[in-house]
Amino acid sequence: MDLDANPTINFWKDPNSESCCICGEEAAAAKHTELTCPYNYLAPASYVPCRARVAAWRESRSALSEHRWFLRRFVRVNNLPGSCRPAELARLFAEFGPLLMWHLAMDAPGACKGFACVVFEQREHAQEAIDRLNCYSLGGRSLRVDWAYPSA
């Protein structure tokens, strides 16, 4: 991953990943993509009401456990300085293990909004990053690093 190739990109997903970056389901199975993912709340074409999701979960316990397995690697980062850049965030977290994807929330002029999410390949790497980077000083601010889905 070349972090300096395009410094304006604030979202990155592993191009070799064969799973949906939203729920973790294998993309090859049933032509599952991020746009058709039932967990994608931003794409109206893929909207599935909560009741329908619960019914599907009851039918397929293994799908629920796979989804939880994927969610266990999401790390939430808060209190980022406004000067933080995507490449800086990726470098900071990549030293703990390979990243599947990351997103740094930015406004139109390119200033950091103060929060980001990072997805690791392995939960152990995510746990190490949380343990070492929580309260880490970056740009004069103390980072708050924690699980995005603590109950997963």
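**A guided tour from Cys135 to the S3–S4 hairpin**

Select Cys135 to begin: with a relative accessibility of 57%, this residue counts as exposed, where exposed means over 50% relative accessible area, buried under 20% and partly exposed in between (1.4 Å probe, protein chains only). The model is a predicted one, in which local features need pLDDT of at least 70 and side-chain atom pairs count only at pLDDT 80 or more, while totals for chains, interfaces and linings use all residues. Residues are numbered from 1 along each chain as its sequence is written, and side-chain values use heavy atoms, with hydrogens and water left out.

Cys135 lies in the loop between H4 and S5. Its phi is near 75°, a positive value in a residue other than glycine. Most residues other than glycine have a negative phi. Next, select Asn79, in the loop between S2 and H3. Asn79 also has a positive phi, near 65°, but counts as partly exposed, at 30% relative accessibility.

**The whole chain**

Now display the chain as a cartoon. Four helices and seven strands are present; these are DSSP runs numbered from the N terminus, helices being H or I of at least four residues and strands E of at least two. Read from the N terminus, the order is β-α-α-β-α-β-β-α-β-β-β. Of the 152 residues, 38% count as buried. Contacts (heavy atoms within 4.5 Å) between residues 24 or more positions apart make up 57% of those with a separation of 6 or more. A surface display covers about 9,000 Å² of exposed area, 54% of it supplied by carbon and sulfur atoms; the areas come from the Shrake-Rupley method with a 1.4 Å probe.

**The hairpin and helix H3**

Select residues 99-106, strand S3. Seven of its eight residues are buried, so the strand is largely enclosed by the rest of the structure. Add residues 112-120, strand S4, which pairs with S3 in the antiparallel sense over six bridges; pairing requires at least two DSSP bridges between two strands. One place to inspect is His103, whose bridge partner in S4 is Cys117. The two strands form a hairpin with five residues between them, and Gly110 in the turn has a positive phi of about 100°.

Move to helix H3, residues 86-94, and show the side chains of its buried residues: Pro86, Ala87, Leu89, Ala90, Leu92 and Phe93. These pack against S2, S3, S4, helix H4 (123-133), strand S5 (137-138) and strand S7 (144-147).

**His125 and Arg73**

Within helix H4, select His125. This residue is buried, with a relative accessible area of 18%. Leaving out residues up to four places away in sequence, His125 touches Phe96, Gly97, Pro98 and Phe120.

Finish at Arg73, in the loop between helix H2 (61-71) and strand S2 (74-78). Which side chain of opposite charge is nearest to Arg73? It is Glu121, 6.9 Å away, and Arg73 is buried yet has no salt bridge. A salt bridge here is a side-chain nitrogen of Lys or Arg within 4 Å of a carboxyl oxygen of Asp or Glu. The side chain of Arg73 does, however, reach the backbone oxygen of Glu121 at 3.0 Å. Beyond neighbours within four places in sequence, Arg73 is in contact with Leu100, Val118, Val119, Phe120, Glu121, Gln122, Arg123, Ala126 and Trp147.

How values were computed:
Lys and Arg count as positive and Asp and Glu as negative; His and the chain ends are not counted. A polar contact is a pair of N or O atoms within 3.5 Å; within protein, one must be able to donate a hydrogen and the other to accept it, and residues adjacent in sequence count only if both atoms are side-chain atoms.
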